[in-house]
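Please walk me through this structure in the viewer. Tell me what to select at each stop and what is there.

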Amino acid sequence: MDEQPPPQARQTGLPAQLVERLSRPFQRFLHIEAAAGGVLLLCTLAAMLLSNSPWVHQVEQFWETPVGLHFGDMASVRSLRDWINDGLMTLFFFLVAIELKRELVLGELNAPRKAALSIAAALGGMLVPAGIYLVMQKGQIGEVGWGTVMATDTAFVIGCLALLGSRIPQSLRVFMLSLAIVDDIGAILVVTLGYSSHVAWGALLLAALGFGLVKAMSMMGVRGFALYFLMGGLIWVAMDASGIHATITGVLLGLMTPARRWVSDHRLYAILGQVIAHPTGNHGSGDTKDRQTLLMAQIAARESLSPVERLVMALHPWVGFLIMPLFAMANAGLTLSFGQLGNPITTAVVMGFVLGKPLGVLSFSWLAIGCKVAIKPADLSWRLLTGGGLLAGIGFTMALFIANLALSQSQLESAKLGIFIASVLAALAGLSVLVSLPLPAADKAAKRVL
């Protein structure tokens, strides 16, 4: 029987969950993302079933329910679907931006040449599909929907990689997550520049002042998240009134979020050294030296993680298991019709994702490596990159988001069908390539033992 450590020794360490949060944030992100991909798939299937059921009109009326606030003669009213797409999706883009910043400053991409490979691949994965779409739709009514084929769906891609387990190296997961995050940000910039309405410069100036105040608050050492979220809400209102798509607020605030922690390890250990495990005295007053020391230790432990790390841990489950499923339920409904299979928009979307994505990812990666701008990890072979490039053609969430902005209702149905077909084909093609790769040596040895 194994010897158990004494109670005092067990209590001097951190709980296992906290250890995981401190030492394995990237793995935690991948685990949540993979599980969220399963929930997103279920909600997508539910939305499609409802849109082909006898209750389709009731479901549509529900998502078009007007919701808003009235202040005298002033009113802010939009449909429930629009609040999800314009409001809640801002939190999705905020999470995308802070995760990118964490990886660039603290994570796997803190070396410029490592980051350059994912950035180059993402750039190719945006430009080449958009180019193919524009060539196929040149002069046609769907030409304006070129942004639909630019982004990769992070949750579905990570979910597909999770199915492969240890068959693929961690470097491919890092590459695909970074690629998806970068081109999500690229897509929202496309939304801002290509699909925003007439700009109201006064409201835009107010939004800029709000960003300036957020920066000033950070420089002055304001630590509470509540005040920052209040400022973010006010900036969102100003950005929305300016005519620029308000979800860009999430990206900008995410990139402004500090990635450096306030309390260093040395200071944290010094503070924890002052903690008295068994305070003396039996009085009930909370204003004691022992109590103050414990409160200081609590703040120090919290602030030993950067704001970026804390926000990722706090927001990721909410975005993955609530916001994204709600978005899918509100937007993924499609009345299935085989007559749309030959529609030019459907064909352009499928070709953009299934052909353009892997072509763009691989060609731009090859150029970046050949020009010595980027380096490729030793265990990330070109066959792995090919499988990853094919999986990058899964463009569900952002594709629906941009298609809703760019296309009319009749065109949107054709684009949705193309998105669904392309996502299925890309997933099957990518998984087929990756499954065909030989097992790592450790897995082969384990199979021989069994």
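The tour below goes from the whole chain to single helices, charged pairs and enclosed spaces.

**Stop 1: the whole chain**

Keep in mind that this is a predicted model. Show the chain as a cartoon. It has 19 helices and 2 strands. Now colour by burial. Of the 450 residues, 47% are buried. Switch to a surface view. About 22500 Å² is exposed, and carbon and sulfur atoms supply 68% of that area. Next, think about contacts. Among those with a separation of 6 or more, 81% join residues 24 or more positions apart.

**Stop 2: Ile-32 in helix H3**

Select Ile-32. This residue lies in helix H3, which covers 25-51. Is Ile-32 buried or exposed? Its relative accessibility is 12%, and buried means under 20%, so Ile-32 counts as buried.

Now show its neighbours. Leaving out residues up to four places away in sequence, Ile-32 touches His-316, Pro-317 and Phe-321. Add Gly-320 and draw a distance between C-alpha atoms. Ile-32 and Gly-320 are 7.2 Å apart in space, yet 288 residues apart in sequence.

**Stop 3: the charged pairs**

Show the acidic and basic side chains as sticks. Side chains of opposite charge can pair when their charged atoms come close. How many salt bridges are there? The count is 6.

Begin with Lys-357 and Asp-183. Their closest N and O atoms are 2.9 Å apart, and the two form a salt bridge. This pair links distant parts of the chain: Lys-357 sits in helix H15 (residues 344-370), Asp-183 in helix H8, and their positions lie 174 residues apart in sequence. Lys-357 has 0% relative accessibility, so it counts as buried. Asp-183 also has 0% relative accessibility, so it too counts as buried.

Move to Glu-99 and Arg-102. They form a salt bridge, with the closest N and O atoms 2.9 Å apart. Both residues lie in helix H5, 3 residues apart, about one turn of the helix. Both are buried.

Then select Asp-86 and Arg-78. This is a salt bridge with its closest N and O atoms 3.0 Å apart. Asp-86 counts as buried because its relative accessibility is 15%. Arg-78 has a relative accessible area of 16%, so it is buried as well.

End this stop with Glu-60, Glu-64 and Arg-81. These three are linked in a network of salt bridges.

**Stop 4: helix H16**

Select residues 382-391. This is helix H16, and it is largely enclosed by the rest of the structure because 7 of its 10 residues are buried. Which residues of H16 are buried? They are Leu-384, Leu-385, Gly-387, Gly-388, Gly-389, Leu-390 and Leu-391.

Bring back the surrounding helices. The cover over these buried residues includes H7, H8, H15 and helix H18 (409-435).

**Stop 5: the cavity**

Turn on a clipping plane. There is 1 cavity of 30 Å³ or more. Its volume is about 190 Å³. To centre the view, select Glu-33, Phe-92, Val-96, Thr-154 and Ala-155. Of the 20 lining residues, these lie nearest the centre of the cavity.

Which helices supply at least two residues each to this lining? Colour H3 (25-51), H5 (80-105), H7 (154-164), H8 (170-194), H14 (307-331) and H17 (396-406). Then colour the lining by residue class. It divides into 11 nonpolar, 5 polar and 4 charged residues.

**Stop 6: the second largest pocket**

Finish with an open space. The second largest pocket holds about 630 Å³. Select Phe-94, Tyr-228, Phe-229, Gly-232 and Leu-253. These lie nearest the centre of this pocket, among 28 lining residues.

Now show the helices around it. H5, H9 (201-220), H10 (225-242), H11 (248-256) and H14 each supply at least two lining residues. Which helix gives the most? H10 does, with 7 residues. By class, the lining of this pocket has 16 nonpolar, 8 polar and 4 charged residues.

Keep H5 selected as a last view. This helix supplies at least two residues to the lining of the largest cavity and at least two to that of the second largest pocket. H5 also holds the pair Glu-99 and Arg-102.

Conventions: Residues numbered from 1 in each chain as written. Predicted model: local features only at pLDDT ≥ 70, side-chain atom pairs only at ≥ 80, totals over all residues. Heavy atoms only, no water. 1 Å grid on protein atoms, 1.4 Å probe; cavity = no way out; pocket = protein on both sides within 12 Å on 5 of 7 lines; lining within 4 Å. Points joined across faces, edges and corners; volume = space filled by probe spheres on them. Helix = DSSP H or I, 4+ residues; strand = E, 2+ residues; numbered from the N terminus. Nonpolar A, V, L, I, M, F, W, Y, C, P; charged D, E, K, R; others polar. Buried < 20%, exposed > 50% of the residue type's maximum accessible area, 1.4 Å probe, protein only. Contact = heavy atoms within 4.5 Å. Areas by Shrake-Rupley, 256 points an atom, 1.4 Å probe, with all protein chains shown as cover. Salt bridge = Lys/Arg side-chain N within 4 Å of Asp/Glu carboxyl O.
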